[in-house]
Each structure stands twice: as structure tokens, then as C-alpha cells.
Amino acid sequence: MAVAEIVIEHLKEEDYARYLEVLVESYAQYEKEYENPENWASYLSDIRASVGNPNAETILVAKRGNEILGGLQLFTDSEKAYGLPELDIKSTIVRLLGVHPKGRGLGIAKKLLHESFDFARNRQDQALYLHSGDIMQAAINLYLSLGFVRDESKEFYKGGKLVKSFRYDL
């Protein structure tokens, strides 16, 4: 039996609940990194609230057949993405890139990011941004391998932790 191809598409409203489950399960690996359970609960709450965020330009999902294996959210500036206009990012920003554990190792994150590059190019952006923390080192390694560079001028602190900025020049 042939394995269905992984396709990237825009999230449909009827898939919101399943996408949210995939997103939460994708980030569950980081729970142990949070010393304070309240901080983890707050992070999960932010993730859950993100799915219906009217500020997101779109949500891309990776599907194999009808199964959602990963996704990410695209925003058009730092005010919409983080409520931080002072970051002065007026380009596409990727948020909450997540791949379900059973989808890892299939190139899903790369496919989602390449689709994001196309989205940003279509908007005539000069760069695409994303932000990550030190606990997500495997993700950071992927970003660097794809050509992202660190941009310290667009970093900020959340919950006492540095949120690092990475930029991909288009």
C-alpha cells in the first residue's frame, strides 16, 4: 500500500479542533523544561488561544490524507504576531511551528517553512522572521540549516526568558 503524500494547505475551519490537538501534542515535549507549572499552563493557554486568533493572516497545515501532522501560523507584522509594535517587523512572521511526534523525520517542518517563504515572497517581503527559545534547540538547528540568521535587534523577553529572533532573507 502506498503512503499518501504530505501536502501543505490552508487550515479549514472544520479542522480547527484537530489542528489544536496536534499543536498541543507537538509542544508537549517542552513541558519538562518549565520549572513552574503555572508558566507551562500559561504557555498552553497561549497556544490554545492562537488557533482562533483573528490577527493571523493564515494557518498552514501539513496533511497526509485527512490527517494533520503539523502546522504553523503566519502573521504580517510584529504587532499582530506578538502585540509588540516596537519590534518594528513589517514582514511575514512564522509562529507556533509544530510537528506531531508521529510526523517527525518526514521533512514536514521544512515543507511548511518553504511554503512560508513563498507566502512572504508573494507579499514582496524582504525577509521572513520567526522566534524561538533555547529549549527548542533542534528547531533552531533546522532554521540555521535552512539559511536563517540570528537577528538580535528583533529579540524580546517573555516570562523572564529570551525569545531569540531568526531572519530568512528572501
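**Notebook: strands β1 to β4, and Arg 150**

I looked up Gln 73 and found that Gln 73 stands opposite Arg 95 in β4. I note here that the model I am reading is a predicted one.

**Entry on β3 and β4.** I then checked the strands around that pair. β4 covers residues 92–99, and 5 bridges join β3 to β4. The two strands run antiparallel. I wrote down β3 as residues 67–75. Is β3 mostly covered or mostly uncovered? I found 8 of its 9 residues buried, so I put β3 down as mostly covered, buried being under 20% relative accessible area.

**Entry on β2 and β3.** I went to the other partner of β3. β2 spans residues 58–64, and 7 bridges join β2 to β3. This pair is antiparallel too. I looked up two of the pairings: Ile 59 has Gln 73 as its bridge partner in β3, and Ala 62 stands opposite Gly 70 in β3. Gln 73 thus appears twice in my notes, with Ile 59 and with Arg 95 in β4.

How many residues lie between β2 and β3 in their hairpin? I found 2 residues between them. One residue in the turn, Gly 65, has a positive phi of about 65°.

**Entry on β1 and β2.** I next followed β2 to β1, which is residues 6–10. I found 5 bridges joining β1 to β2, and the strands run antiparallel. Ile 8 has Ala 62 as its bridge partner in β2. I had already noted Ala 62 opposite Gly 70 in β3. I also checked how covered β2 is: 6 of its 7 residues are buried, and β2 is mostly covered.

**Entry on Arg 150.** I moved on to a residue in another strand. Arg 150 is found in β6, which is residues 149–150. Why do I list Arg 150 as partly exposed? Its relative accessible area is 36%, which lies between the 20% limit for buried and the 50% limit for exposed, so Arg 150 counts as partly exposed.

I listed the contacts of Arg 150, leaving aside neighbours within four places in sequence: Glu 155, Leu 162, Lys 164, Ser 165 and Phe 166. With Glu 155 there is also a polar contact of 2.5 Å between the side chains. Last, I looked up Leu 130, which is 20 residues from Arg 150 along the chain. The C-alpha atoms of Leu 130 and Arg 150 are separated by 9.7 Å.

Terms used
Residues numbered from 1 in each chain as written. Predicted model: local features only at pLDDT ≥ 70, side-chain atom pairs only at ≥ 80, totals over all residues. Heavy atoms only, no water. Buried < 20%, exposed > 50% of the residue type's maximum accessible area, 1.4 Å probe, protein only. Helix = DSSP H or I, 4+ residues; strand = E, 2+ residues; numbered from the N terminus. Pairing = 2+ DSSP bridges. Contact = heavy atoms within 4.5 Å. Polar contact = N/O pair within 3.5 Å; in protein donor to acceptor, adjacent residues only side chain to side chain.
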